[in-house]
Structure formats: structure tokens, C-alpha cells
Amino acid sequence: GKIAFNQQTNTITSGPSLDSSGNILKRPEFSQGQENFTYDTMQYNFKSKRAIVRNARTKQGEGYVFSEQVKRNPDQSIYGKRNMYTTCSLDEPHFGIRASRIKIIPNRVIVSGSANFEVEHVPTPVFLPFAVFPINERQRSGFQIPSYTVEQNRGLGITNGGYYFYLNDHVDFLALANIYSKGSYSISGISTYANRYKYAGGLSLAYAYNKTGES
């Protein structure tokens with residue numbers, strides 16, 4: 001849309017394309033290596049090599065990060081303010097983990113402080129004291145983001161949320177939990193093991209309590 005360069009401050013500012021009513025027609029895009037993201041406005045200082053980005057939307061690993069404001073440092077690390085991490089690819093995601101502050105090390109990991117799982121912009125009782133999301137292609141331990149469902153018998157449910165434990169190249173373990181607003185819940189553990197050309201298998205254990213109808 002528009003790029004302005006201030007020679008006195010060595011600052012470049014970019015913004016979106018707007019129509020006659022002031023609505024955004026096309027957001028600017030930023031690319032560096034395999035990293036791509038869109039945003040509303042960005043300021044970059046050539047001396048400090050720092051950037052401030054507002055309303056950034058970027059794909060990190062298998063998920064997407066929406067941030068109201070992002071500060072990018074010379075070492076390529078990223079600090080986000082008022083963020084949501086989700087696996088929903090829509091411009092307005094249906095669910096995600098909301099965190100006030102996060103740090104992203106590209107192609108390595110996303111780390112946040114206290115976070116809350118949110119459905120349709122409504123906070124849920126699911127609270128995390130911290131969160132770690134690996135974003136490289138190699139397997140690593142990390143949280144699995146839950147999804148949500150609505151059922152007539154069990155109510156609103158938060159499903160398949162848990163933690164993946166990467167033990168070594170031959171064994172892993174996935175702990176999952178489901179919880180529903182009408183009192184039903186379930187927990188499960190899934191472990192797989194494999195040694196190429198020799199053996200492979202798995203073990204799954206689950207416990208569920210389903211509550212339907214009147215007490």
C-alpha cells in the first residue's frame with residue numbers, strides 16, 4: 001500500500017492499501033527465508049535493526065500466531081504483546097491459547113507465560129501457568145492444543161488437549177484429556193515404539209466418565 005522512508009531517523013514505515021472508506025484492501029506481507037507474515041503496519045530502524053509490527057499474523061510450525069504488537073530484535077527473536085496461538089487457519093480463529101506476552105525463536109520454539117484457552121473469544125476454565133510450543137521439524141516435547149465441540153448430551157467440550165513427550169528416537173508418549181461442561185471427562189495415554197526394520201508397536205490406556213441426563 002504505502003512505504004515511507006525517513007532519512008533523518010533511518011526508519012522505514014509500511015502500511016496497507018485502503019479504499020475510499022478507509023477499509024483495508026490488502027495487508028502488507030513480509031518474507032525472510034521460509035518465514036512469512038502479514039500485518040497492518042511495520043516500522044523498521046536500519047541503525048538498531050529492530051522492528052515494531054502491529055496486528056501481525058504469522059505461521060509458526062503447525063500453528064498460527066496472532067499478535068496485537070510485535071517487536072523484532074537483531075538476533076531475529078520476536079516478542080509479542082496480546083497474542084493468540086492456534087491451529088485454526090481462519091483470519092478470525094474459532095479457538096486458541098491466549099497469552100499476554102510470548103517470545104518466539106524462529107524455527108525453534110514459542111514460549112509464553114500464563115495462558116488461557118479461548119473458544120469463540122470466550123475464555124474457558126482451562127488455564128496454563130506457562131506454555132512451550134516447539135516449531136521446528138524435528139520431534140520435541142510440547143503441548144498439544146485442544147479443540148472444542150458442542151454436544152447435546154454432554155455440553156460444551158474441550159477435547160484432545162494434552163502434552164507430547166518425546167522420550168527418544170524410538171519411544172514417545174502422548175497424554176490427552178477431554179472435559180465437558182455437564183460433568184463428563186476422560187483421560188488417556190498413548191505410547192508408540194519403533195525400531196526401523198526390527199519392530200514397531202504401541203500401547204493405549206484410557207479412562208472415561210460420561211454423565212448424561214438429570215442427576
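How exposed is Arg-27, going by its relative accessibility? At 31%, Arg-27 counts as partly exposed, a class that sits between buried (under 20% relative accessible area) and exposed (over 50%), computed with a 1.4 Å probe on protein chains only. Some notes on the rest follow.

1. Ground rules. This is a predicted model, where local features need pLDDT of at least 70 and side-chain atom pairs count only at pLDDT 80 or more, while totals for chains, interfaces and linings use all residues. Residues are numbered from 1 along each chain as its sequence is written, and side-chain values use heavy atoms, with hydrogens and water left out.

2. Salt bridges, starting with Arg-27. Side chains of opposite charge can pair when their charged atoms come close. The cut-off here is a side-chain nitrogen of Lys or Arg within 4 Å of a carboxyl oxygen of Asp or Glu. Searching the whole structure turns up six salt bridges. In one of them Arg-27 partners Asp-40, with 2.8 Å between the closest N and O atoms. This pair links distant parts of the chain, 13 residues apart: Arg-27 is in the loop between strand S4 (24-26) and strand S5 (29-32), and Asp-40 is in the loop between strand S6 (35-38) and strand S7 (41-45). For the bookkeeping, helices (H or I, at least four residues) and strands (E, at least two) are DSSP runs, numbered from the N terminus. Asp-40 is buried, at a relative accessible area of 12%. Add Arg-57 and you have a network of salt bridges linking Arg-27, Asp-40 and Arg-57.

3. Two more salt bridges. Glu-68 pairs with Arg-82, and their closest N and O atoms are 2.7 Å apart. Glu-68 lies in strand S9 and Arg-82 in strand S10, so the pair ties together parts that are 14 residues apart in sequence. Both ends have some accessibility: Glu-68 is partly exposed at 38%, and Arg-82 is partly exposed at 43%. Then there is Glu-29 with Lys-26, where the closest N and O atoms are 3.4 Å apart. Glu-29 and Lys-26 are both exposed.

4. The loop after S9. Have a look at Gln-76, in the loop between strand S9 (63-72) and strand S10 (78-86). Its phi is near 75°, a positive value in a residue other than glycine. Gln-76 is partly exposed, with a relative accessible area of 30%.

5. S20, S21 and the loop between them. Tyr-185 and Tyr-207 have ring centres 6.5 Å apart and planes at 45°, so the pair is tilted. Rings of Phe, Tyr and Trp (its six-membered ring) pair if their centres lie within 6.5 Å, with planes under 30 degrees apart called stacked, over 60 edge-to-face and the rest tilted. Tyr-185 lies in strand S20 (residues 185-195) and Tyr-207 in strand S21 (residues 199-209), so the pair ties together parts that are 22 residues apart in sequence. Tyr-185 is partly exposed at 37%, and Tyr-207 is partly exposed at 48%. In the loop between S20 and S21 you'll find Tyr-197, which is exposed at 81% relative accessible area. Tyr-197 has a phi near 70°, again positive in a residue other than glycine.

6. Other aromatics. Nine aromatic pairs come out of a search of the whole structure. Among them is Phe-165 with Phe-173: the ring centres are 6.1 Å apart and the planes at 40°, so this pair is tilted. Phe-165 is partly exposed at 34%, and Phe-173 is partly exposed at 31%. Phe-5, Tyr-44 and Phe-46 form one aromatic cluster.

7. Charges over rings. The test is NZ of Lys or CZ of Arg within 6 Å of the ring centre and within 35 degrees of the ring normal. Arg-154 sits over the face of Tyr-180, 4.2 Å from the ring centre. Lys-59 does so over Tyr-64, at 5.7 Å.

8. A two-faced strand. In strand S15 (residues 131-134) the side chains alternate: Ala-131 and Phe-133 point to one face and are buried, whereas Val-132 and Pro-134 point to the other and are not. Strands pair if DSSP finds at least two bridges between them. Here four bridges join S15 to strand S12 (residues 109-112), and the two run antiparallel. Across from Phe-133 in S15 stands Ile-110.
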